[in-house]
Amino acid sequence: MIPIEKYNVSVPRYTSYPPANFFGPTDGASYIEAVKRSNSEGSANISFYLHMPFCHRLCHYCGCNSYVMPRRGDTVRRYAGALHKEIDMVAAHLDKSRPISQIHYGGGSPTAMPAALLRELNEHMLSLFPVIEGCEIAIECHPGYLSHDDWAALAGCGFNRFSIGVQDLNPEVLKAVGRTPSLLPLKEITEMLHGAGAAVNMDFLFGLPHQTPESFADSIRRAIDTRPERLVTFSYGHMPQVFKRQQVLEKHGLPAADAKRRMHDLAAGLLLQAGYKRIGLDHFVLPSDELYTALLHGQLYRNFQGYCSRRTTGDVYAFGVTGISQFDSFYAQNTKDIEEFIGLTLAGEPATKKGYRLTPRQRIAKEVIERLMCNYRIRWQEIADTLGIGTDTLKAAICYDEALLHEMEDDGLLRLDPDGIRMTEQGHPFVRNVAAALDPLMRETDKQFSKPI
């Protein structure tokens, strides 16, 4: 039995390496220079991310960069105009033969934006570059405000994957966290989107007020009945010292770590029993899903938008407030201020405020941690061959502490062998802990992170 309390400690989620809270000040000139270099470094593919910060209502648990939809529509139109300007600004420095492999809209609630504006943005990006076969064009959706006509309009915008933020199906839980329930039944939405030829993701959160293992399992059962292609069970990260709005949840009380672990285990058991396959930290997919094929061949990858296959992986060029561009050795993040973003971008200036340039040693650590987080295993020689270095150099670049790894093995998290590391099935929820143990940046840091459970 894994000692949960021992490993239920603050560790990064590793959606990037280094995590975004290591970023420091940078400028637009550095970003544009990195965009130019990206044509010859990293992936040949292009991935676009657009951040839509507006929401009809802010949920209490949310840690995203989001703002209540402004009463005056001109702010939304000006924001959309700035996105078009930023797209052209970045595209001017990109090789026009590079193909788009992925477009992702996040937020906030992207579906709070008028569908016509979303369609224009898609048409703009797709007119600039070729597109790979099976290019994924995805949007995160808040189902609380979408009617039949709204879903039909979104399907007409060119989206072929819809990530529906369900979070929970218990009205008492949703009321406590300030989340508006879905306007339409989930089964009806799924059938409509499947009929339009689109794939469906559903996102759930566990660890919220009034949730119990049994009530959360009931929500997962009801979701399984709709048969989405992907279902995600995120562990709620309570960090009220960082996200002040989360303080509201404390008056309701939050489930203890052992209850959260039970929620995770029950949900996972139901999904596996229903034929879904576990992917990475928190995803479950149907066996026909490309992510499962990628996992079987060690070709699973993760960026800020989530898991993807190496086929659809690309350098990420982010547009909008707080958008993070993600290249082989450089990250760049836009300002979080909407008016500043609009003003700078419309004036022809990058809105870049933060970033990070990886050292050669950190690029090695990045490869190790990404592979562990995505594929639950590390093969030292395989990574060394990819990087063109020796295994001794590889291990010297990370925190390879054999005694600590053996302790984690004794606790049931992983299995060690001469070729590498493999997480156990029971250890999957604690893959972040193993990644942190290998991370040189975690030896001495004052950064704040959420807990695995």
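Here are three short exercises with worked solutions on this predicted model.

**Exercise 1. Work out the strand order and the pairing direction in the sheet that contains β18, β19 and β20.**

Solution. Start with the order: the three strands run β18-β20-β19 in an open sheet. Next, look at the edges, which are β18 (377-379) and β19 (414-417), each pairing on one side only. The pairing in this sheet is antiparallel. Finally, follow the twist, which averages 15° from one strand to the next.

**Exercise 2. Find what joins β18 to β20, and then which helix lies across β19 and β20.**

Solution. Begin at β20, residues 420-423: three bridges join β18 to this strand, and the two run antiparallel. To see one bridge in detail, pick R379, whose partner in β20 is G420. Then turn to the helix: α15, residues 402-410, lies across β19 and β20. The direction of α15 makes an angle of about 130° with β19.

**Exercise 3. Decide how the compactness of the chain compares with that of a globular protein of its length.**

Solution. First take stock of the elements: the chain has 16 helices and 20 strands. Its radius of gyration is 21 Å, and the globule rule gives 22 Å for 453 residues; the two values are close, so the chain is as compact as a globular protein of that length. For the overall dimensions, the C-alpha trace spans about 60 × 50 × 40 Å along its principal axes. Now check burial, taking under 20% relative accessible area as the cut-off: 58% of the 453 residues count as buried. Last, consider contacts between residues at least 6 apart in sequence: 72% of them join residues at least 24 apart.

Conventions: Residues are numbered from 1 along each chain as its sequence is written. This is a predicted model: local features need pLDDT of at least 70, side-chain atom pairs count only at pLDDT 80 or more; totals for chains, interfaces and linings use all residues. Side-chain values use heavy atoms; hydrogens and water are left out. Two strands pair if DSSP finds at least two bridges between them. Helices (H or I, at least four residues) and strands (E, at least two) are DSSP runs, numbered from the N terminus. Axes are lines fitted to C-alpha atoms, for helices over the stretch in contact, and angles run from 0 to 180 degrees between N-to-C directions. Contact means heavy atoms within 4.5 Å. The radius of gyration is taken over C-alpha atoms; the globule rule is 2.2 Å times the number of residues to the power 0.38. Buried means under 20% relative accessible area, exposed over 50%, partly exposed in between (1.4 Å probe, protein chains only).
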